[in-house]
Amino acid sequence: MELRQLQYFVAVVEEANFTRAAARLHVAQPGVSAQIQRLERELGHRLLDRGGRTVTPTEVGRAVLPYARAALAAVEGARGTADEFAGLLRGQVVLGLVSGAATQEFDVVSVVADFHDAHPRVEISLTEDTSDRMLAAVRRGELDIALLGLTADEPPPDVALDIVVDEPLVAAVAPGDPLLHPVGRTEVPLAELAGRPLISLPRGTGLRGVLDGACAAAGFKPRIAFEAASPDVLTRLAARGLGVAVLPALPPGMTTGLGPRTLVITDPRPRGRIALTWRKDGPASPAARALLDRLRSELGVP
């Protein structure tokens, strides 16, 4: 059994396709197929189901996958440790971002670019996805670090996190909306949003999970009229009178020129939270641990 066979196996599972896996590994597809076939002969079992439109692991393949990933992580950790003694840092880091998180307030792109300048041997993969899928990927070890929205008050027991945003949810509406009466009103009970067209982030995001949970607790199902991945788009839709946007409290000046007014949602008081997350046993590689330290420093986490 060779490490490259395990590497090819993991890549095909993650890409669900031999061609994409070969392109990711910068090798020819026949070589990937041949090495995985040798691995299957070595283990005496088929690891991949090649019969469908996508390649999926068999029952044995699913059982072997965590051990393959652990073996590759151990080798990478050994290399990284040796490089640390030589004053070098190399490896690969996979970082996940919830859509809309890479804003001026959280200039993750600049942090990643500065880190790469300081450690050019580190290969960084950056991906955007929903919070639910990224949390699952962190727990499986497919993502080293993720900046995502939280739905539950308590994280899963195998995940560590630092909360970097914790804001009350607000209802953004166009000027003249009935929710703004009486004049000078600053809050709105959640129950008053029942039946109103709502504008929200998509399913799978932390904020949408918080909204759905709060509405269920209040005894109604939210009527979602529009979904968008960016808080700025939500705000613009609300400003045009297309519905009530539910989003975290807007930073000062964001509504300037757009026109919407905001009311803090009460009864209950749901909150939008974004957290930097990683497995509780720590990122596997020295490179991932170094990037995590840099991100925590830049985001002001003690």
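**Entry 1: strand β5 and its partners.** I began with Leu97 and found that its bridge partner in β5 is Leu147, bearing in mind that this is a predicted model. Leu97 led me to strand β3 (residues 91–98), which runs parallel to β5 and is joined to it by three bridges. I then looked for an antiparallel partner and found strand β12 (residues 271–279), which pairs with β5 over five bridges; within this pairing, Leu148 stands opposite Ala275 of β12. I also checked burial along strand β5 (residues 145–150), and because six of its six residues are buried, I noted the strand as largely enclosed by the rest of the structure.

**Entry 2: the nonpolar cores.** Next I looked up the largest nonpolar core, which has 30 residues, and saw that Leu193 and Ile265 touch the most other members. Among the elements that each supply at least two residues of this core are β6 (159–173), α7 (206–218) and β11 (261–266). For Leu193 I listed the residues touched beyond four places in sequence, and these are Leu179, Leu198, Phe220, Val244, Val246 and Ile265. I noted as well a second, separate core of 22 residues, whose members include Val111, Phe115, Ile145 and Leu276.

**Entry 3: Thr58.** Last, I turned to Thr58, which I located in the loop between β2 (56–57) and α4 (59–85). Is Thr58 buried or exposed? Its relative accessible area is 16%, and since the cut-off for buried is under 20%, I recorded Thr58 as buried. Setting aside neighbours within four places in sequence, I found Thr58 in contact with Arg46, Leu47, Leu48 and Asp49.

Key: Residues numbered from 1 in each chain as written. Predicted model: local features only at pLDDT ≥ 70, side-chain atom pairs only at ≥ 80, totals over all residues. Heavy atoms only, no water. Buried < 20%, exposed > 50% of the residue type's maximum accessible area, 1.4 Å probe, protein only. Helix = DSSP H or I, 4+ residues; strand = E, 2+ residues; numbered from the N terminus. Pairing = 2+ DSSP bridges. Contact = heavy atoms within 4.5 Å. Core = buried A, V, L, I, M, F, W, Y, C linked by side-chain atoms within 4.5 Å.
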